[in-house]
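These are my notebook entries on one structure. I record here what I looked up, entry by entry.

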Amino acid sequence: TDTEQRERLTRMPAMIEGRLAALDEVADEARKLGHFPAAVPPSRFERGRQLATAVRAETTAMLGRQSERGAVRTARAQRTEQILLVVAGAGAAVGVAGGIVAVMLFTAGISSRVRVLNESVDCLVRGARLPAPPGGRDEIGVLSSQLHQAAALLAVQSDVSAAGGGA
């Protein structure tokens, strides 16, 4: 908190009490004279006016200080907001770039496995030995495994046909 504001606050009750006391004195004098305020000399109001002016001055100074502090806080908040927007934007850009890299790596991995599967199909059609299966338990891995099983069955049938046809 602001020390200057605290000091002002501690002075305010005494000034207000003084202002009220001055008004009470004027009211007491008016009661004694029997009419208010015409018979009370204007000089009796002067102390009260001075205290009211002092209270207004302190209040105005306090409000001014609070406005200054509010402006400083607002400026800090705006700077913090700008920094957060930059950080959020950078984070989003990094996230998008990371996503793109992940998609590219994933696609490259699948593409290489599909290439091996295509080579296996070509080898099966030509009757050549199949390359090692790409592995995995996904659709590509299952299809590759089934292709190798089909190649093994064809090889067995080919051996049976060769053995039966030559006898």
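**Entry 1: L20 and its patch.** I began with L20, which is partly exposed because its relative accessible area of 47% falls between the limits of 20% for buried and 50% for exposed. I note at the outset that the model is a predicted one. I placed L20 in helix α1, which covers residues 3-33. I then looked up the surface around L20 and found that I16, L20 and L23 make a nonpolar patch of about 240 Å².

**Entry 2: R8.** I next turned to R8, also found in helix α1. Is R8 buried or exposed? I recorded a relative accessibility of 11% for R8, so this arginine counts as buried, the cut-off being under 20%. I listed the contacts of R8 beyond four places in sequence and obtained E58, A61, M62 and R65. I also found a polar contact of 3.0 Å between the side chains of R8 and Q5.

**Entry 3: M12.** I looked up M12, which lies in helix α1 as well. I noted that M12 has a relative accessible area of 12% and is therefore buried. Which residues does M12 touch, once neighbours within four places in sequence are left aside? I found V55, E58, T59 and M62. I observe from the two lists that E58 and M62 are in contact with R8 and also with M12. I then checked one distance and found the C-alpha atoms of M12 and N118 to be 90 Å apart, with their positions 106 residues apart in sequence.

**Entry 4: T74.** I assigned T74 to helix α2. I noted that T74 counts as partly exposed, because its relative accessibility is 43%. I looked up the separation of T74 from V55 and found 28 Å between C-alpha atoms, for 19 residues along the chain.

**Entry 5: the nonpolar core.** Which residues make up the largest nonpolar core? I found six: L117, C123, L130, I140, L147 and A151. I traced them to their elements and noted that α2 (43-126) and α3 (139-165) each give two or more residues to this core. I recorded α3 as the element that gives the most, with three residues.

**Entry 6: L130.** I closed with L130, a member of that core. I listed what L130 touches, not counting residues up to four places away in sequence, and obtained S120, C123, L124, L147, H148 and A151. I note that C123, L147 and A151, among these contacts of L130, are also members of the core.

Methods
Residues numbered from 1 in each chain as written. Predicted model: local features only at pLDDT ≥ 70, side-chain atom pairs only at ≥ 80, totals over all residues. Heavy atoms only, no water. Core = buried A, V, L, I, M, F, W, Y, C linked by side-chain atoms within 4.5 Å. Buried < 20%, exposed > 50% of the residue type's maximum accessible area, 1.4 Å probe, protein only. Helix = DSSP H or I, 4+ residues; strand = E, 2+ residues; numbered from the N terminus. Contact = heavy atoms within 4.5 Å. Patch = residues over 30% accessible without salt bridge, like charges linked within 9 Å, V, L, I, M, F, W, Y side chains within 5 Å. Areas by Shrake-Rupley, 256 points an atom, 1.4 Å probe, with all protein chains shown as cover. Salt bridge = Lys/Arg side-chain N within 4 Å of Asp/Glu carboxyl O. Polar contact = N/O pair within 3.5 Å; in protein donor to acceptor, adjacent residues only side chain to side chain.
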